[in-house]
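New to this one? Here's a quick briefing to read alongside the sequence and the 3D view.

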2 protein chains.
Amino acid sequence: MAAKIIDPAVLAETYRNEIRADIARLSRPPLLVGILSAEHGPSRTYAEWTGKACDEVGVRFDLRMRPRMQVEDAIREANADPEVDGIIVYYPVFGTGQDAYLRELVDPMKDIEGLHPHWARALYENRRFIDPAKTRKAIVPCTPLAVIKLVEASGVAGPPPRPLAGKTVTIFNRSEVVGRPLASMMANDGARVFSFDIDGPQLFLPGPADQGHTVEETEIDRAGALAQSDVVITGVPSRDFPLVRAAEIKEGAVCVNFATIRNFDEDVLEKASVFIPRVGTMTVTMALRNIVRLRKQAEGIS
Amino acid sequence: MAAKIIDPAVLAETYRNEIRADIARLSRPPLLVGILSAEHGPSRTYAEWTGKACDEVGVRFDLRMRPRMQVEDAIREANADPEVDGIIVYYPVFGTGQDAYLRELVDPMKDIEGLHPHWARALYENRRFIDPAKTRKAIVPCTPLAVIKLVEASGVAGPPPRPLAGKTVTIFNRSEVVGRPLASMMANDGARVFSFDIDGPQLFLPGPADQGHTVEETEIDRAGALAQSDVVITGVPSRDFPLVRAAEIKEGAVCVNFATIRNFDEDVLEKASVFIPRVGTMTVTMALRNIVRLRKQAEGIS
């Protein structure tokens with residue numbers, strides 16, 4: 001039996017409809033500023049994709065091209081401008097640790113990708129709202145959010161508040177921007193999550209009283225984790241990573257690849273119930289969902 | 001004529017005397033908490049050195065050994081404890097991007113090494129005080145500060161407010177923790193600074209009206225920069241870096257190596273006026289100077 005393949009573009013369209021309906025209720029369309037340093041080719045393509053995605057839902061997109069030495073000032077300017085609702089900086093700018101500095105310079109309240117450590121910390125500390133009255137939701141990182149929405153679309157998820165209760169997940173990748181927040185979010189949703197990265201496996205577990213999650217070291221190896229996982233998620237940008245094979249996974253597992261290269265052997269299609277080959281446009285769609293949410297909150301629309 | 005060699009240990013003793021005198025005026029000795037994850041050998045050695053340095057001046061040192069999964073909680077605990085004046089976390093803990101997350105978790109007001117992006121930003125924005133009344137000085141990163149103090153000890157520096165006015169400096173290293181803040185600090189002090197790193201050279205210049213600095217791209221190459229530099233500073237942790245040779249430097253230049261390996265050819269000793277082979281104990285001494293300054297400020301002692 002062949003796995004069902006979920007196309008992220010189809011799911012993204014569902015969310016775009018929601019976003020369009022929300023924008024129709026706003027006093028003005030949100031304004032997203034893209035900051036692009038001219039030096040890097042691939043970044044320009046990403047910026048163009050953002051522009052198209054904005055056009056499709058009615059978010060205004062202002063792409064600002066700057067020499068890399070002026071990116072810092074461009075960020076400050078966009079931070080200070082009350083007309084600007086969201087900021088996306090296209091990395092690499094310097095391609096060194098200085099990029100991390102720039103990432104933190106973006107006002108967290110305009111960081112619609114949720115890349116700022118401010119949001120990672122909110123996630124790890126299970127602070128879901130940014131105001132004491134709990135009317136304004138914290139931003140969650142958009143690539144992990146895209147993965148979660150795709151996993152939900154696979155049918156593996158149950159009802160809230162812990163839709164992944166009783167499920168076991170394996171994630172290969174524990175980067176600060178995707179794998180670690182993703183493991184935390186899935187454990188918050190009730191899953192046991194085995195997280196693999198170069199510094200060894202960790203186990204993310206749902207916290208007590210339906211709250212948050214905890215993390216501990218674990219001795220499990222890849223084979224042991226995969227054999228019991230209902231969901232397998234990969235994001236390893238290296239050809240040295242041994243492809244996940246059908247023989248390793250559980251019958252009917254949901255398999256998601258968010259790496260830019262393929263981390264699964266083709267034979268998983270015969271054993272998985274659902275295969276999601278990429279996150280694709282779901283990431284930018286979640287970023288646009290975030291900017292619209294920020295505008296709605298700013299205008300007091302629930 | 002052979003270069004004079006400055007031993008950082010000798011200069012450090014001068015600062016230790018200042019620190020001891022300051023501690024004598026405090027209502028209690030400062031408390032420094034070290035957080036060490038048991039997994040890494042070299043970190044333990046650094047922690048022991050910190051302990052010795054604290055003993056020598058009368059700072060209390062409490063070394064807390066924690067499994068790496070508990071380092072985050074240990075940081076939060078030390079952040080929250082009003083008895084704790086300073087925190088040093090010994091990296092690597094995870095050896096991944098998660099270490100950057102931990103670094104930012106440390107309360108900037110207890111980050112006596114000045115590694116938190118909070119202090120980098122204060123430096124780049126030329127905010128020298130942390131309070132509106134300008135009574136409490138911002139913390140500056142301790143390794144760059146150690147280099148500056150060593151350069152001052154070489155005799156190349158003039159009077160304040162811009163002791164390096166008219167001087168040209170070349171720095172090989174633009175890391176976020178040493179090279180970039182160092183270039184900024186030296187430009188703040190009046191120097192023209194050529195900064196080299198894998199992403200190309202940058203030129204740091206003193207700002208107008210004796211304030212701060214500016215940064216721009218430059219086309220200069222290594223030979224052009226070295227030929228006009230009064231001070232040459234290296235911090236390249238790679239054997240692939242071609243050693244700086246006598247033929248490249250200006251007669252009488254001050255040469256400083258802060259890398260853990262040697263970036264200068266031995267022949268520079270014949271052409272340099274001063275050679276500083278390492279920062280050594282000056283770094284921890286500057287961190288202790290920071291913790292004492294924080295205590296003094298907290299107690300209202302000028």
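What follows is a short tour, from confidence scores to chain layout, contacts and a sheet.

Keep in mind that this is a predicted model. Two chains, A and B, touch each other, with 21 residues of chain A in contact with 20 residues of chain B. For the complex, the predictor gives an ipTM of 0.85 and a pTM of 0.89.

**Confidence**
- Chain A has an average pLDDT of 94, and 99% of its residues score at least 70.
- As a general caution, where pLDDT is low, the predicted coordinates should not be read in detail.

**How chain A is divided**
- The domain assignment splits out two pieces of chain A: domain 1 covers 25-108 and domain 2 covers 143-276.
- Taken over C-alpha atoms, the centres of domain 1 and domain 2 of chain A are 30 Å apart.

**Where chain A meets chain B**
- On the chain A side of the contact, α4 (98-105), α5 and β8 (213-217) each supply at least two residues.
- The top contributor on that side is α4(A), which gives four residues.
- By character, the chain A residues that touch chain B split into eight nonpolar, five polar and eight charged.

**A closer look at A:Tyr124**
- You'll find A:Tyr124 in helix α5 of chain A, which spans residues 117-124.
- Is A:Tyr124 buried or exposed? A:Tyr124 counts as partly exposed because 19 other C-beta atoms lie within 10 Å, while 20 or more would make a residue buried.
- A:Tyr124 and A:His213 are 89 residues apart along the chain, yet their C-alpha atoms are separated by 8.0 Å.

**The sheet in chain B**
- Chain B has an open sheet of eight strands with mixed pairing, in the order β1-β11-β10-β9-β5-β6-β7-β8.
- Why do β1 (4-5) and β8 (213-217) of chain B each have one side without a neighbour in the sheet? Both stand at the edges with a single partner strand, so that side is left open.
- Inside the sheet, β6 (residues 192-196) and β7 (residues 202-206) of chain B run antiparallel and are joined by three bridges.
- Look at B:Phe194 for a specific pairing: its bridge partner in β7(B) is B:Leu203.
- Helix α6 (residues 142-153) of chain B packs on this sheet, touching β9 (231-234), β10 (254-257) and β11 (274-276) of chain B.
- The direction of helix α6 of chain B makes about 150 degrees with that of β10(B).

Technical notes
Residues numbered from 1 in each chain as written. Chains lettered and ligands numbered in written order. Predicted model: local features only at pLDDT ≥ 70, side-chain atom pairs only at ≥ 80, totals over all residues. Buried ≥ 20, exposed ≤ 12 C-beta atoms within 10 Å, placed from the backbone. Domains from an automatic or database assignment. Contact = placed C-beta atoms within 7 Å. Nonpolar A, V, L, I, M, F, W, Y, C, P; charged D, E, K, R; others polar. pLDDT = per-residue confidence, 0-100. Pairing = 2+ DSSP bridges. Axes fitted to C-alpha atoms, helices over the stretch in contact; angles between N-to-C directions.
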